[in-house]
Amino acid sequence: MRAKASEFIDFWTGISVHSAEQYEVPNGEQGVVELARRCDAMAETVGMSQEELAAEVGDLVAYIAVKVAAANQRARGTG
C-alpha cells in the first residue's frame, strides 16, 4: 500500500503545488492547510485514507509546506 501512497503523493503534489509567485500570493503563502485538505479529499476519492498518507509522509501539512517552499525557491532561481 505504501507504493500506492507514494505514487499518489508524488502525482498530486506535482500537479497541485506551485510557486506562490505563479499566483501572485504575497510572502510565499499558498495556503498549505487548504492544499492538505484538498489532497486528503482527493485521496479519499481514490480509496486512500489519511492514515496511509501519513504513513508515507508524516504530517501532510508540513510535507506540503516543504514542497511549496521548494517551488518558491525554484521560481526565484535559488533552489
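**Four helices and a shared core**

The buried residues of helix H4 are Leu60, Ile64, Val68, Ala71 and Asn72. Seen down the axis of H4, these buried residues fall within an arc of 110°, so they line one face of the helix. The face of H4 turned away from this buried side carries the exposed residues Val66 and Arg74. Helix H4 has 17 residues and spans 24 Å from its first C-alpha to its last, which is close to the 24 Å expected at 1.5 Å a residue. These values, like those that follow, are computed from a predicted model.

One of the buried residues of H4 also has contacts with a part of the chain that is distant in sequence. Alanine 71, which has its place in helix H4, counts as buried because its relative accessibility is 6%, and buried means under 20%. Once its neighbours within four places in sequence are left aside, alanine 71 is in contact with His18 and Ser19. Although alanine 71 and serine 19 are 52 residues apart in sequence, their C-alpha atoms are 4.7 Å apart in space.

The setting for these details is a protein whose secondary structure comes to four helices and zero strands, so that the order of elements from the N terminus on reads α-α-α-α. Of the 79 residues of the protein, 32% count as buried. The protein exposes about 4,900 Å², of which carbon and sulfur atoms supply 54%. Among contacts between residues at least 6 apart in sequence, 74% join residues at least 24 apart.

In soluble globular proteins, nonpolar side chains tend to be buried together. In the present model, the largest nonpolar core holds 16 residues, and of these Phe8, Trp12, Cys39, Leu53, Leu60 and Ile64 touch the most other members. The elements that give two or more residues to this core are helix H1 (2-16), helix H2 (32-45), helix H3 (50-57) and helix H4 (60-76). The largest share of the core, five residues, comes from H2. The surroundings of one core residue, leucine 53, can be listed in full: leaving aside its neighbours within four places in sequence, leucine 53 is in contact with Phe8, Ile9, Cys39, Asp40, Ala43, Met48, Gly58 and Leu60.

Helix H2 has 14 residues and reaches 20 Å from its first C-alpha to its last, close to the 20 Å expected at 1.5 Å a residue. Its buried residues are Val32, Leu35, Ala36, Cys39 and Ala43. Because these buried residues fall within an arc of 100° when H2 is seen down its axis, they line one face of the helix. On the face of H2 turned away from the buried side lie the exposed residues Val33, Glu44 and Thr45. H2 is followed by glycine 47, whose phi is positive, near 80°.

Helix H2 also holds a group of charged side chains. A search of the whole structure finds two salt bridges, and a network of salt bridges links Glu34, Arg37 and Arg38. In one bridge, the side chains of arginine 37 and glutamate 34 meet at 2.6 Å, N to O; in another, glutamate 34 pairs with arginine 38, the closest N and O atoms being 3.0 Å apart. An α-helix has 3.6 residues a turn, so residues three or four places apart point the same way. Arginine 37 and glutamate 34, being three residues apart in helix H2, are separated by about one helical turn, and glutamate 34 and arginine 38, which both lie in H2, are four residues apart, again about one turn of the helix. Each residue of the network is partly exposed: arginine 37 has a relative accessible area of 47%, glutamate 34 has one of 30%, and arginine 38 has a relative accessibility of 45%.

In helix H3, the buried residues are Glu52, Leu53 and Val57. Seen down the axis of H3, they fall within an arc of 110°, so they line one face of the helix. Just after H3, glycine 58 takes a positive phi of about 80°; glycine 58 is also among the residues in contact with leucine 53.

Key
Residues numbered from 1 in each chain as written. Predicted model: local features only at pLDDT ≥ 70, side-chain atom pairs only at ≥ 80, totals over all residues. Heavy atoms only, no water. Core = buried A, V, L, I, M, F, W, Y, C linked by side-chain atoms within 4.5 Å. Buried < 20%, exposed > 50% of the residue type's maximum accessible area, 1.4 Å probe, protein only. Contact = heavy atoms within 4.5 Å. Expected span 1.5 Å × (residues − 1). Arc of directions from axis to C-beta. Areas by Shrake-Rupley, 256 points an atom, 1.4 Å probe, with all protein chains shown as cover. Salt bridge = Lys/Arg side-chain N within 4 Å of Asp/Glu carboxyl O.
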